Structure formats: C-alpha cells, structure tokens
Amino acid sequence: MNLDIIYVIIYSYFLGAIPFGLIITKIFLGKDIRDIGSGNIGTTNVLRTGKKSLAAATLLFDVLKGYVSVIIAYKYFNELVYLSALICFIGHIFPIWLKFKGGKGVATYLGIILGISFMLGVVFGVAWLIAAVIFRYSSLSSILSSMIICFYSIVVGNEMQNYFLFILFVIIIFTHKENIVRLKNSKESKIKL
C-alpha cells in the first residue's frame, strides 16, 4: 500500500504540473503566456492573447489532466482516487518547472470532478455558464460554481467526497484571492461571451 501512495503522488503531481497554457502559447505564438495579461498560465489568460482556439486547447488539456489522473486512480489505485485528484490539482497550481507558480486550478478541477462523477461536471458547467452570463466574471463564476458543487455533493454524495470537494473549494478561494480583491474594488476584468 505504501508504494501505491508513492506511485500515485508521483504520477498525479507530474501530470498536474504539465503547464499546457505555457506550452501551447510557446508553440503557436512563440510567446511566454506569463508575460501576457495577468501572467497566469490558465485558460482565461490564454484567451487574452486573442486566440480562442489556443484558449480552448488549454482548457481541454487542463481538464484532461485532471480527468486522466482520476481515471488512472480508479483503474489501478481505487482507494487513492481522492489523493490522486488532490495531488494533480496541487501540481497544476504549484508546478515545479515554473517555480511553483501555476494556474488557478479551475479547468483541472473540472476534469477531476468529471472523473469522479459526470453529473458533478455537468452541474459545475451549467452553474459556471449561468454565473458567467449573469455576472461576466470568470473568477466569480468559478468560485460560485465550485461552491455549488459542494452543496450539490452534500445532497447526493458521500461524506469523503464532501470533505474532498470542500478542500478543493477552499483552495480555489485561495488561488482567486487577488481576483476577489479586484472584484471587491470593481477592478476585475469582465469576460466577453
């Protein structure tokens, strides 16, 4: 069992730490995404390059790494699914190759919850879209949607899943602390739908 934990930590972290936003913008634009917009490597900042296709690719690959991490754990390390998901999520936010300055984790979070339960992913996606249409802030939509997932899980999930999703929600709040300050000061950038 101890070796399984080590395997899960290693593959989950390094899968999560793949900086797709940086890789994609370097390959297709010849630019470092960290020098554009907010400097973040995630989908929202890649969208600021003006290339929707690159933002969509970043979203897809960041979702997939969370999903794949969970699916591998279900197949080979069934008792360690939540550990794999958490470590993958942390790898995305704190990648070793970028001096531990990664993305905010929302796309990887979506992949993780899709891997755990397709309905969690659907609820998150619908909640995010509704919040984005109403408020037009990606950060607020992400925070509200992950909070809604916590409540949804309480109604339909199990206790371990509830604790796990609450931990991820707290981490999402942490990764969005600067956005929260900008929202409070009416300085957060709106998204164009």
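Where is Ser-186 found? Ser-186 sits in the segment after H10, and the last legend below returns to this residue. Please keep in mind that this is a predicted model.

**Figure 1. The whole protein is built from ten helices and zero strands.** Starting at the N terminus, the elements read α-α-α-α-α-α-α-α-α-α. The radius of gyration is 16 Å, close to the 16 Å that the globule rule gives for 193 residues, so the protein is as compact as a globular protein of that length. The C-alpha trace spans about 45 × 40 × 25 Å along its principal axes. Of the 193 residues, 47% count as buried. Among contacts with a separation of 6 or more, 62% come from residues 24 or more positions apart.

**Figure 2. Helix H5 is largely enclosed by the rest of the structure, because ten of its 13 residues are buried.** You can pick out the buried residues as Val-81, Tyr-82, Ser-84, Ala-85, Ile-87, Cys-88, Phe-89, Gly-91, His-92 and Ile-93. Their cover includes helix H1 (2-16), helix H4 (52-76), helix H6 (106-116) and helix H9 (159-175). The length of H5 (residues 81-93) also works out: at 1.5 Å a residue its 13 residues should span 18 Å, and the end C-alpha atoms are 19 Å apart, which agrees.

**Figure 3. Here is a closer look at how H5 packs against H9.** Two packed helices are described by the angle between their axes and the distance between the axes. The axes of H5 and H9 come within 11 Å and cross at roughly 5°. Since angles under 35 degrees count as roughly parallel, H5 is roughly parallel to H9. On the H5 side, the contact is made by Tyr-82, Ala-85, Leu-86, Phe-89 and Ile-93. H9 contributes Met-160, Gln-161, Phe-164, Ile-167, Leu-168, Ile-171, Ile-172 and Thr-175. Sorted by type, the residues of this contact are eleven nonpolar, two polar and no charged.

**Figure 4. Asn-179 is a buried residue of helix H10.** Helix H10 covers residues 177-184. With 6% relative accessibility, Asn-179 falls under the 20% limit and so counts as buried. Leaving aside residues up to four places away in sequence, Asn-179 touches Lys-104, Ser-139 and Glu-188.

**Figure 5. Two residues, Phe-28 and Ala-56, are shown with distances to partners elsewhere in the chain.** Phe-28 belongs to helix H2 (residues 20-29) and counts as exposed at 59% relative accessibility. Its C-alpha atom is separated by 32 Å from that of Leu-183, 155 residues apart along the chain. Ala-56 belongs to helix H4 and is partly exposed, with a relative accessible area of 44%. From Ala-56 to Phe-77 there are 21 residues in sequence and 30 Å in space, C-alpha to C-alpha.

**Figure 6. Phe-100 and Ser-186 each have a positive phi without being a glycine.** For Phe-100, phi is about 65°. This residue, Phe-100, lies in the loop between H5 and H6 and is partly exposed, with a relative accessible area of 45%. For Ser-186, phi is near 55°. As the opening question brought out, Ser-186 is in the segment after H10; the residue is exposed, with a relative accessible area of 64%.

Key. Residues numbered from 1 in each chain as written. Predicted model: local features only at pLDDT ≥ 70, side-chain atom pairs only at ≥ 80, totals over all residues. Heavy atoms only, no water. Helix = DSSP H or I, 4+ residues; strand = E, 2+ residues; numbered from the N terminus. Buried < 20%, exposed > 50% of the residue type's maximum accessible area, 1.4 Å probe, protein only. Contact = heavy atoms within 4.5 Å. Expected span 1.5 Å × (residues − 1). Axes fitted to C-alpha atoms, helices over the stretch in contact; angles between N-to-C directions. Parallel < 35°, antiparallel > 145°, perpendicular 65-115°, else oblique. Nonpolar A, V, L, I, M, F, W, Y, C, P; charged D, E, K, R; others polar. Rg over C-alpha atoms; globule rule 2.2 N^0.38 Å.
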